[in-house]
Every structure is written in C-alpha cells, then in structure tokens.
Amino acid sequence: MKRIKAILSEKPGHDVVVKGWVRTKRGNKNVAFIALNDGSTINNIQVVCDLAKFDEELMKQITTGACLSVKGPLVESIGSGQAVEVQAAEIEVLGTADPDSYPLQKKGHSMEFLREIAHLRPRTNTFGAVLRIRHAMAFAIHKFFNDKGFVYLHTPLITGSDCEGAGEMFQVTTMDLNDIPRKEDGSIDFEKDFFGRQTALTVSGQLEGELGATALGEIYTFGPTFRAENSNTPRHLAEFWMVEPEMAFYEVDDLMDLEEEFIKYLVQYALDNCRDDLAFLNKMIDPELIDRLKSVISTEFVRLTYTEAIDILEKSGQKFEFPIYWGVDLQSEHERYLVEKHFGKPVILTDYPKDIKAFYMKQNDDGKTVRGTDVLFPKIGEIIGGSERESSLEKLERRIEELKMDTTNLWWYIDTRRFGTCPHSGFGLGFERLLLFVTGMSNIRDVIPFPRTPKSAEF
Ligand code: ATP
Ligand code: MN
C-alpha cells in the first residue's frame, strides 16, 4: 500500500491506487474534483473524475467524509497547488458519510466543538497536523536519549508510595465501594484490597527512575502520569505524558545543559521533519509559530536564581494578581512576565526556597534554598521541572523529618543514599506542554488525542 504522501512526490506517468477520506468535492456538469486525504500528510491528492465515465448514483455517494479507493493514472496537474493528480479510472466507495449527520463539513469549527467530537477530529487538518507532530516528537525523544546511550526504563503506573508530593493522586482499588471492608476501629482495611495496601496511579516515575540511574547510570522514562488536581486550566490534564531522565554523576550545571540541549534538539527535529504541518499551523493557528521555534534554537537560555527573579519582579512596577515576595511560589503570570516581557527568551530558574520544593532536592549551603531548576517558556510558563537530588542520607532524612513525612513505603528510595550514593540529577518534561509550544495550539486538551480533565472522560 502506497500512502498519499509518497505518491505526491512521484513522477507522473503510471497507474496508482489511492485510498482515503474525502475532504471536499467540487466541479461542474462535466468534471468533479475530489480532494482526498489519508492522514499520511497534511496535503490532499486531487482526484479528477470525468463524469461521463461514472454512474450518477456513485457520484452522489462521494461526499465530505466518505472513504474511497481510486485507481487511475497519475498525471501532471494543470491546476495550481499540486504537481500531480489522479485521473480516476475506477472508484470504489468503501464507506459513505451521510452529509446530514457527518459533523465535519467544510466550514471551520471551534476547538470547543471539535473536543465534543474527539472521535472524528483527527480527520481535520489541524488535528492531523498536531497528531503527526506528536508522533514525531515522541520518536525524537527516544532518538535523542538512545543516541546518548540512555536506557529507557519502564517505571510502574500503580504505586504504593503516597508521599511523592507532586500532586493529588487517583486511588486504585478493587474494593466494593458499597461495602468497604473496615477494621475494628472503623478505618478502611486496605489489607483486604487487591495489593494488600493502599495504591494509586503514579504522579511521576522519578523515584523509581533514581533507582535506575544509580544502577544503569543514565535512564529516562516516557509514559503516562496522572494527577487528580482539580485545575481547569489550558495547561493541566488529569492524564498526561511525562519524559523523565535521571542521570548519575550530573550536578546542577550538567542538568541545565542537558535540559537546554534536549529542548533545542526536539524543536530542531520538528523544524526539519514536520515542515508541511508546521507551515499549516503557522498559517492557520499562530502566525508567529515558526519564528518562535527558530528563536528558541538560536538563543542561549537565561539562567537565573529564584532570588534574582523575585528582585526583577518586585522592581517591574507590574501589577500582578498574586503578590510577589521572597518565598512565594511563582505563578504563571510571573513566569510569563520574566520570559515574555523581561528577557524575551526561555529562562531556567534555579535555587528555589526549599519550602516550596520537594523533599528530595539537593539543599544548598545557605540552609534556605535547593537546587531545583524550572525551565520557563514563552506562551506556556513551566515546561520542565528538575533538580539535582539530595545525595546525603543524613540531609535527606533530616528533611523528611522536618516535613513530618511518613516514609514507611519509601524505604527502598532512601536505600539509594545508604548504599553507594552519588551526585545525581533529573528532570520531568510535560510532553503536552512541549507540544503546546511546538504546535502553537493554545489549549492542552487539543494536543492529546483523548483528553482527560475534571468531569470529562468521554471516548
Ligand atoms: P505546574 O506548576 O505547572 O502545575 P508542577 O510544578 O506541578 O507544574 P512538576 O510536578 O514539576 O510540575 O511536573 C513536571 C512537568 O510536568 C511540569 O514541568 C509540566 O511540564 C508537566 N505537568 C505538570 N502537571 C501537569 C498537568 N496536570 N498536565 C500536563 N502537564 C503537567
Ligand atoms: Mn502542578
């Protein structure tokens, strides 16, 4: 089976078979022009039908959304916009699409409407482009790490450690919710549950990733993560994909170098390999998209401490919704001010107050800050969260105590610091946040095929 993408770049003069879905049909009494798309490329192939050769009933079935198989010679096209077209000799209608009920007619639909028909939206130009770019970025991620010798580690999706702290978790249980087993004191008896303990869907593969890094040296995970946070924003999903590399012997500067190299590689890969789709999105969705992608590759990211950032924000004279003072967690309005207004390029922020960051981040000597690194991007804010990890058993245990964390289920994590501990670092890149940046789409629900958000799990 040859796909339309390949056929469009062939020389004319031979017979071809094209199969795909009708995007449009137009024409006159004598001839019909059908634009056919098979998803291999944003570009349609034009099928020209001499109406004298075809049955009227057959032609009536060829409407937007119908699926066709067409055989005929590939000829040079006299119309503009394409080099070749198919002169139909045989047409088979594989599947009709009733024009009265098929929802994807020619006119432009709103993103909101398309979310309601997420089962069909991959057939639109926009979602076809987004999903091909999504694939290309997933492939490039594996290529980047494989070329560097990283090991792809599969970390579990069901976890029994409840103190990862990255977000609210979805419980996993097989207990009968109408008849929950209880202990004598009335509390839930999780020993009767499937795993004999309380379990949840993972919010991050990092902790297990660190086990991999302290054995295999350099690993990455790339898989789904789940957060039951009730945040209805254009940048949060309840189910999203995360890339989490973890590297032994990397200190914070090595970490930042890798973060910057990684994102630049992915953006360059998109520019090199997704030209037609990016050109389409640049035209239809975001006229600054390609310029923005190019500018990220050609500039050095700003590296700035949290304390310096607070200083800039305080002196900005800008009215923020959330007040600014040392110790506050930065909101997206602050991050975007730094990236878009102040510097005009991506920023890597470091050395955050320890109280707003996770227990495992390496503590600085000042006793106040930790070696966290957030990479902030234009349009989206935080795209990467990373850190050098605390490698000292004593310091890690003291921090756990300060935070009064229950670590009974984390004994295995703490063992990494007990046996052959080493400096190491890692980060998490939200795959859909990357895709927002690379596609120019503005809502995270539109860069994943079937989004899961509060009150929404259709399809
Ligand atoms: P935010 O402050 O934006 O909620 P976070 O601090 O919770 O992010 P981390 O826990 O550091 O994020 O997760 C690592 C990365 O995963 C983030 O940098 C972001 O790219 C992505 N991410 C986090 N939460 C979500 C979500 N709910 N949906 C999609 N991506 C997310
Ligand atoms: Mn969050």
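This passage walks through a predicted model of a protein chain with a bound ligand, from the overall fold to a few individual residues.

The model is predicted, so local features are reported only at pLDDT of at least 70 and side-chain atom pairs only at pLDDT 80 or more, whereas totals for chains, interfaces and linings use all residues. Residues are numbered from 1 along each chain as its sequence is written, chains are lettered from A and ligands numbered from 1 in the order in which they are written, and side-chain values use heavy atoms, with hydrogens and water left out.

The protein chain contains 13 helices and 17 strands; these are DSSP runs numbered from the N terminus, with H or I and at least four residues for helices, and E and at least two residues for strands. Its C-alpha atoms fill a box of roughly 85 × 60 × 45 Å along the principal axes. Of the 459 residues, 49% are buried (buried is under 20% relative accessible area, exposed over 50%, partly exposed in between, with a 1.4 Å probe and protein chains only). The accessible surface comes to about 22,600 Å², and carbon and sulfur atoms account for 50% of this surface (Shrake-Rupley method, 1.4 Å probe; for residues, only the protein chains shown count as cover). Among contacts between residues at least 6 apart in sequence, 67% link residues at least 24 apart, a contact being heavy atoms within 4.5 Å.

Turning to the ligand, 15 residues surround ligand 1, and E229, H236, L237, E382 and I383 come nearest (near means that a heavy atom of the residue lies within 4 Å). By class, this shell holds six nonpolar, four polar and five charged residues; Ala, Val, Leu, Ile, Met, Phe, Trp, Tyr, Cys and Pro count as nonpolar, Asp, Glu, Lys and Arg as charged, and the others, Gly among them, as polar. Strands β12 (239–248), β16 (381–388) and β17 (424–430) each supply at least two shell residues, and β16 gives the largest share, with four.

Three atom pairs help to place the ligand. A side-chain N or O atom of E229 is 2.8 Å from a nitrogen atom of ligand 1. On the backbone side, a polar atom of G430 lies 3.1 Å from an oxygen atom of the ligand, and an N or O atom of G385 lies 3.4 Å from a ligand oxygen atom. The protein covers 81% of the 580 Å² of accessible area that ligand 1 has on its own.

Helix α8 (residues 289–298) shows how a helix can be packed. Its buried residues are L289, R292, L293 and V296. They lie on the same side of α8 because they cover an arc of only 100° around the axis, taken from the directions from the helix axis to the C-beta atoms. An α-helix has 3.6 residues a turn, so residues three or four places apart point the same way. D291 and S298, on the other side of α8, are exposed. The cover over the buried residues includes α6 (252–273), α7 (275–284), β15 (369–377) and α13 (431–439).

Two further residues complete the picture. H334 sits in helix α10 (residues 332–343) and counts as buried because its relative accessibility is 0%. Beyond its neighbours within four places in sequence, H334 is in contact with L313, F320, F322, P323 and I324. D257, in helix α6, is partly exposed, with a relative accessible area of 42%. The side chain of D257 makes a polar contact with the side chain of R303 at 2.9 Å (a pair of N or O atoms within 3.5 Å; within protein, one must be able to donate a hydrogen and the other to accept it, and residues adjacent in sequence count only if both atoms are side-chain atoms).
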